[in-house]
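Got the structure open in your viewer? Here is a short tour of what to select and what you'll find there.

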Amino acid sequence: MIISSRKKNEELLQALEGKGKVFLVGCGACATACRSGGEEEVFAMQEWLQSTGRDVTGWVVIDEACHIMRAGRDLRQHRAQVEEADALLVLACGAGVQSMSSSTDQRVIGALDSLFLGNIRRFGQYEEKCSLCGDCILNETAGICPVTNCAKGLLNGPCGGLEEGRCEVDREIDCAWHLIFERLKRQKRPGVFARTVPAKNWGKVRKPGRHKIKS
Amino acid sequence: MSHLSEQLASGRFVVTAEVAPPKGIDLQEALSCAEGFDGITAVNVTDNQGANMRMSPLALAALLVRRGIEPVLQLTCRDRNRMALQSDLLGAAALGVENILLLSGDHARFGDHPAARPVFDLDSVQLLQVVRGLEEGHDMAGRPLRGAPHFFAGAAVSPEAEPFELMFQKCSKKAAVGARFFQTQAVFDPHRLERFMEAARPLGVPVLAGILLLKSARMARFLNEKIPGVRVPAHLVERLEASSHPLEEGVAIARDMTACARTLCAGVHLMTLGMEERIPEILQG
Ligand code: SF4
Ligand code: SF4
């Protein structure tokens with residue numbers, strides 16, 4: 001899921017400058033799961049906004065804020081409250097915020113910072129394991145992604161900063177290449193070490209991304 | 001043919017040193033440092049070393065060429081994508097720079113621009129392949145070049161990194177894709193250097209041992225903490241700590257490592273960090 005975290009009050013106050021009436025939007029999917037934009041957080045935001053002297057005209061938690069049509073439909077159901085507001089404050093990832101901004105010309109303000117596509121270890125502890133590079137090498141790297149887990153995204157083995165299996169960028173974390181090496185050894189196969197991996201095709205990461213799955 | 005490649009081919013013990021481009025455009029210090037070297041075959045020009053932003057090493061390397069000093073241009077993958085790397089390489093060749101040292105580069109997080117987006121579009125192995133392609137007359141996209149460059153391309157290795165086998169597989173890859181010389185990360189442990197050389201000898205790539213002049217125990221501790229891939233063993237830190245003339249002790253340590261390199265390696269790369277006048281003493285080893 002998409003891991004996100006609430007922006008600092010200071011930054012929110014700046015974005016909300018002059019906006020006395022606010023409509024709140026949360027997201028029932030990722031932002032609920034990582035407790036940045038679920039019902040509870042929407043209520044907490046409402047209280048905080050009121051404490052700054054603002055009115056909350058209404059709120060909605062959309063099932064999946066990234067679902068453009070659904071987001072638009074849910075907003076229409078709250079049309080009066082939305083229209084009464086000076087701005088919509090959206091507690092969802094950047095994709096969710098943009099479902100809103102493509103559904104209304106009202107001022108839309110994002111309340112979260114979107115961090116990464118994360119696996120959950122336990123609540124509050126998330127690990128980025130895939131950065132959606134469009135050209136997956138996992139089958140050769142014993143299921144450990146060097147594009148994401150190596151601080152430099154190297155494809156042909158560790159850099160000179162490897163030290164006792166730890167990463168130069170953070171001695172608390174394992175060097176991804178060390179993990180790959182160890183697991184391939186246990187699997188008794190050379191995997192990615194058998195060849196020189198050519199430069200990555202970043203052309204596969206099309207920006208802006210548009211994708212239709214052919215059936 | 002560069003002097004560096006000729007001397008390595010002839011089997012003469014080679015000595016290289018390094019100079020950092022200035023932060024700013026005042027070149028006086030860098031140039032007088034490079035001009036002051038004595039008995040040195042080539043001078044490395046570092047590339048935003050430690051991820052600290054400085055003048056382009058290509059500019060300083062070209063200025064050294066004009067002054068008759070042979071540079072080794074360091075080029076990292078941290079700050080340039082594949083297009084920038086290729087155009088800098090072509091530019092370097094056009095300016096008379098032949099020796100290059102291709103590096104991944106320290107992560108931007110260590111330097112003075114920690115908010116920079118690190119590039120790492122290529123890794124050092126891929127960059128070596130790119131260099132070979134340019135020499136063969138085509139770019140990475142396979143397009144022909146009008147005038148192919150000629151380089152003497154080297155790569156970095158870290159003989160003391162653990163696990164050894166993992167570090168060494170990368171080293172073999174570098175040899176396989178055409179590294180013509182290896183320059184090691186600063187080494188302090190003769191046994192580890194020996195182990196590395198035993199493994200590396202069959203690759204047939206000459207090795208320059210990195211010798212770093214330690215000035216004090218404080219500096220040694222700083223290196224251990226802050227500089228990736230550099231490990232000063234505890235007994236050397238203690239030796240520096242105990243000495244009333246730590247710099248003299250540091251020179252002695254560097255001299256011993258140089259003596260060790262003479263028996264094992266094709267040469268040394270000296271990192272003296274502002275203490276260039278001590279080089280003759282270090283080379284007595
Ligand atoms: S290589 Fe890594 S970043 Fe790319 S798709 Fe596979 S897991 Fe994701
Ligand atoms: S130490 Fe390992 S994980 Fe860290 S940057 Fe180097 S190769 Fe990548």
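A quick term before we click: two strands pair if DSSP finds at least two bridges between them. Helices (H or I, at least four residues) and strands (E, at least two) are DSSP runs, numbered from the N terminus. This is a predicted model, where local features need pLDDT of at least 70, side-chain atom pairs count only at pLDDT 80 or more, and totals for chains, interfaces and linings use all residues; side-chain values use heavy atoms, with hydrogens and water left out. Residues are numbered from 1 along each chain as its sequence is written, while chains are lettered from A and ligands numbered from 1 in the order in which they are written.

**Stop one: β6(B).** Select residues 181-186 of chain B: 5 of the 6 are buried (under 20% relative accessible area, 1.4 Å probe, protein chains only).

**Stop two: one neighbour.** Add residues 152-157 of chain B, strand β5, which pairs with β6(B) in the parallel sense over 4 bridges. Look for Ala156(B) opposite Gln183(B). Now show helix α6 (residues 164-176) of chain B: the chain passes through it from β5(B) to β6(B) in a right-handed crossover, meaning that, with the strands pointing away from you, the path from the first strand over the helix to the second runs clockwise.

**Stop three: another neighbour.** Select β7(B), residues 207-212, parallel to β6(B) and joined to it by 3 bridges. Here Gln183(B) has Leu208(B) as its bridge partner. Helix α7 (residues 190-200) of chain B completes a right-handed β-α-β unit with β6(B) and β7(B).

**Last stop: ligand 2.** Which residues surround ligand 2? Among them are Cys150(A), Cys159(A), Cys167(A), Cys175(A) and Trp177(A) (a heavy atom within 4 Å).

Methods: Buried means under 20% relative accessible area, exposed over 50%, partly exposed in between (1.4 Å probe, protein chains only).
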